[in-house]
Amino acid sequence: MEYVGRVPAPPLDRFIDDVYCLTGVPRHRLMKVPPMPSAHLFLHLGGPVRLWDSDPSVPSALMPDGWFMGVWTRHFLFEYPARVRLVGVHFKPWGMAPFAGLPAAELRNRWAPLDAVWQRSADRLRNRVGDGGSAAEALRVVEEELRAHLAEAPARGLDLVLHTGGRLETSHGGVAVGALADGAGVSGNHLAGLFKAHVGVTPKRMARIYRFARLIVSVDPLRPVDWSGLAQAAGYFDHAHFSREFKDFTGHTPTEYLALRRRFPADGRDPHDRGPMPAD
């Protein structure tokens, strides 16, 4: 598939890592996605997409147009249509709240149809992007929509979450939560409450996801993998804990994951190669 993406201009870049467009025929229809430090908005222009939670008690969902997803703490699966035309937004973990207008916890480990969050937006966006529009035009339209929905004033505590979340991001989850709270001049419980409101998870859980993301993107399946060294570099000092968390986050043991990556090597041309795994 062809990937076209960019970091949006200010002020969107405070909340969004990138906006992007994917077009073409997917190499794999069914994909498994581990937890990553991001929330998402998808506008699908090439047919409906089916989503599955790794929790078997949660029913699958068929999304015909677009959907929001908050931060996930477990893996999920999605199925592409035969041909893909998708516009996406990678929000920073705390970045969705100023646009969605609802508590981040309501979208943790959940997806919600676009129109349920931005009423009557799906058809308008589809009409503006059009069937034959360029990727650059699709990104421009989505950025305009994002600016229109950006709250004029930051919600209470968001700036503190931006600051402390930024420290987690740059340290790959390596800053102790107590140090984050002390540096911000607040209690650990207060910081946890703000993260739940603006991210949907506690700073401790967010640190775990950043730590795991650092490890997973550092794996080079074309070379021998020193799992113990990678785990220690990412901040795991208990091998049993590392193995358990790896299985929880991916559905695979490290050995199984490496075999899958070697069987289906990614071409490395876009960020979607850094986390999702073929599941078909």
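**View A. Lys92 and its partner Asp17.** At 12% relative accessibility, Lys92 lands in the buried class, since the cut-off for that class is under 20%. This is a predicted model, and in it Lys92 makes a salt bridge with Asp17, with 2.7 Å between the closest N and O atoms. Asp17 belongs to strand 2 (residues 16-24), while Lys92 sits in the loop between strand 9 (84-91) and helix 1 (97-100), so the pair ties together parts that are 75 residues apart in sequence. Asp17 itself is partly exposed, with a relative accessible area of 28%.

**View B. Glu245 and Arg211, a buried pair.** Here's a salt bridge with both ends tucked away: Glu245 and Arg211 are both buried. Their closest N and O atoms are 3.7 Å apart. Glu245 comes from helix 10 (residues 239-250) and Arg211 from helix 8 (residues 203-218), so this contact ties together parts that are 34 residues apart in sequence.

**View C. Asp220 with Arg223.** These two form a salt bridge as well, and the closest N and O atoms are 3.3 Å apart. Asp220 has 32% relative accessibility and counts as partly exposed. Arg223, at 56%, counts as exposed.

**View D. A salt-bridge network.** Four residues join up here: Arg128, Glu137, Arg140 and Glu144 are linked in a network of salt bridges. Side chains of opposite charge can pair when their charged atoms come close. For the whole model, the salt-bridge count comes to 14.

**View E. The largest cavity.** Now for the empty space: the structure holds 2 cavities of 30 Å³ or more, and the largest has about 50 Å³ of space in it. Around the largest cavity sit Leu41, Phe42, Leu43, Val87, Gly88, Val89, Leu114, Trp118, Leu125 and Val142. Strand 4 (39-44) and strand 9 are the elements that give two or more residues to this lining. By class, the lining splits into 9 nonpolar residues and 1 polar, with no charged ones.

**View F. The second largest cavity.** About 40 Å³ of space lies in this one. Its lining is made up of Ala39, Gly70, Val71, Pro93, Met96, Ala104 and Val199. No charged residues turn up in the lining of the second largest cavity, which has 6 nonpolar residues and 1 polar.

How values were computed:
Residues numbered from 1 in each chain as written. Predicted model: local features only at pLDDT ≥ 70, side-chain atom pairs only at ≥ 80, totals over all residues. Heavy atoms only, no water. Salt bridge = Lys/Arg side-chain N within 4 Å of Asp/Glu carboxyl O. Helix = DSSP H or I, 4+ residues; strand = E, 2+ residues; numbered from the N terminus. Buried < 20%, exposed > 50% of the residue type's maximum accessible area, 1.4 Å probe, protein only. 1 Å grid on protein atoms, 1.4 Å probe; cavity = no way out; pocket = protein on both sides within 12 Å on 5 of 7 lines; lining within 4 Å. Points joined across faces, edges and corners; volume = space filled by probe spheres on them. Nonpolar A, V, L, I, M, F, W, Y, C, P; charged D, E, K, R; others polar.
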